[in-house]
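Me: I would like to learn how to read pockets, strands and cysteines in a model like this one. Where should we begin?

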Amino acid sequence: MFTKLYLVRHGQTVFNTRLLIQGRCDSPLTELGREQARAAASWLREHNVHIQAAFSSPAERACGTTELLWAEPYTRLAGLRERSFGDLEGTDVLALPKPMGDYPAQFGGEPQDALEARLTQTMHAIMRGRAGGVPGRTDEPVEPCALRAQESARDDGGSVLVVSHGAACKAFAHAHRAASNVQVPSPFPNCCILVYAYDGEHFELLEAADPAGHLGGEGLPI
């Protein structure tokens with residue numbers, strides 16, 4: 001069982017720069033998005049984070065971020081996908097109400113309670129070593145900044161890296177907000193890192209880091 005979760009939002013994408021809702025559709029990382037991922041890798045290294053395994057949403061933007069953070073094979077999990085926004089995908093993100101709640105469900109999107117349940121179920125499976133998924137790794141060269149698997153320095157079960165999406169990460173944080181006094185950033189930055197402790201039943205948010213904040217770029221305005 002893993003006892004520490006490092007949950008990362010993907011780097012900036014082309015749709016992010018155009019303020020368009022992505023959801024289940026996809027767009028590639030920008031060069032700034034790649035630099036944001038490198039900054040997140042540096043933060044993990046500087047904080048002596050020892051990762052034993054990595055998981056990613058199957059979306060290109062998440063896998064691309066994962067492969068900048070992590071040098072080893074990783075697992076793609078459908079349960080880590082972004083929220084479906086239905087017919088809202090590809091439209092103006094600034095038109096979404098705040099808080100968003102179940103607004104996307106009116107347009108065929110995923111309801112808030114279903115989103116939170118999906119993310120929670122997936123995270124429990126990951127932390128308990130019961131996640132399925134498919135192997136991920138492109139033929140891109142491994143980045144010098146990317147972390148490699150290490151044995152845990154403490155007898156605590158070790159740490160896991162998970163790369164997902166803005167609305168998905170915020171929904172997971174909302175589902176487990178009672179166990180934390182840490183503020184989740186809003187807007188939610190690209191490559192924001194949410195650090196959770198896990199005791200086998202509960203997730204506690206310990207820290208919310210913005211390692212790429214100095215690079216600029218807009219967070220998710222929802």
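Reply: A pocket is an open set of grid points with protein on both sides within 12 Å along at least five of seven lines, and its lining residues have an atom within 4 Å of a point. Bear in mind that this model is predicted.

Me: Which residues lie nearest the centre of the second largest pocket, and how many line it?

Reply: The lining consists of 14 residues, and L29, R34, G64, E67 and E140 are nearest the centre of this second largest pocket. Its space is about 310 Å³.

Me: Which helix gives the most to that lining?

Reply: Helix α3, residues 60–69, contributes 5 residues to the second largest pocket, the most of any element. By class, that lining is made up of 7 charged, 5 nonpolar and 2 polar residues.

Me: How much space lies in the largest pocket?

Reply: The general idea is that rolling a probe the size of a water molecule over the atoms shows where empty space is left. In this model the largest pocket holds about 490 Å³. It has 19 lining residues, and those closest to the centre are Q112, K170, A171, A173 and H174. Two elements, α4 (112–127) and α5 (166–175), each give two or more residues to this lining. The largest share, 5 residues, is from α5.

Me: How does the lining of the largest pocket divide by class?

Reply: There are 10 nonpolar, 6 polar and 3 charged residues in the lining of the largest pocket.

Me: Now the strands. Which strand pairs with β1, and in what sense?

Reply: Strand β1, residues 4–9, pairs with β6 in the antiparallel sense, over 5 bridges. One of the bridge pairs is K4 with A197 of β6. Just outside this pairing, T3 sits in the segment before β1. The C-alpha atoms of T3 and Y198 are 4.7 Å apart, although 195 residues separate the two along the chain. T3 counts as buried because its relative accessibility is 18%, and the cut-off for buried is under 20%.

Me: What lies on the other side of the sequence from β6, and how many bridges join β6 to β7?

Reply: Strand β7, residues 203–209, runs antiparallel to β6 and is joined to it by 6 bridges. I193 has A209 of β7 as its bridge partner. The two strands form a hairpin with 4 residues between them, and G200 in the turn has a positive phi of about 100 degrees.

Me: Is β6 mostly covered or mostly open?

Reply: Mostly covered: in β6, residues 193–198, 5 of the 6 residues are buried.

Me: How many disulfides are there?

Reply: A disulfide is a covalent bond between the sulfur atoms of two cysteines. The count here is 0 disulfides. For C25, the nearest cysteine sulfur is that of C63, at 15 Å. C25 is partly exposed, at 26% relative accessible area. C169 is in no disulfide either, with the sulfur of C192 nearest at 7.8 Å. C169 counts as buried, since its relative accessibility is 1%.

Me: One last residue. Where does Q22 lie, and is Q22 buried or exposed?

Reply: Q22 is in the loop between α1 (14–17) and α2 (31–46). Q22 is buried, with a relative accessible area of 7%. Its side chain makes a polar contact of 2.9 Å with the side chain of T13.

Technical notes. Residues numbered from 1 in each chain as written. Predicted model: local features only at pLDDT ≥ 70, side-chain atom pairs only at ≥ 80, totals over all residues. Heavy atoms only, no water. Disulfide = S-S within 2.5 Å. Buried < 20%, exposed > 50% of the residue type's maximum accessible area, 1.4 Å probe, protein only. Pairing = 2+ DSSP bridges. 1 Å grid on protein atoms, 1.4 Å probe; cavity = no way out; pocket = protein on both sides within 12 Å on 5 of 7 lines; lining within 4 Å. Points joined across faces, edges and corners; volume = space filled by probe spheres on them. Nonpolar A, V, L, I, M, F, W, Y, C, P; charged D, E, K, R; others polar. Polar contact = N/O pair within 3.5 Å; in protein donor to acceptor, adjacent residues only side chain to side chain.
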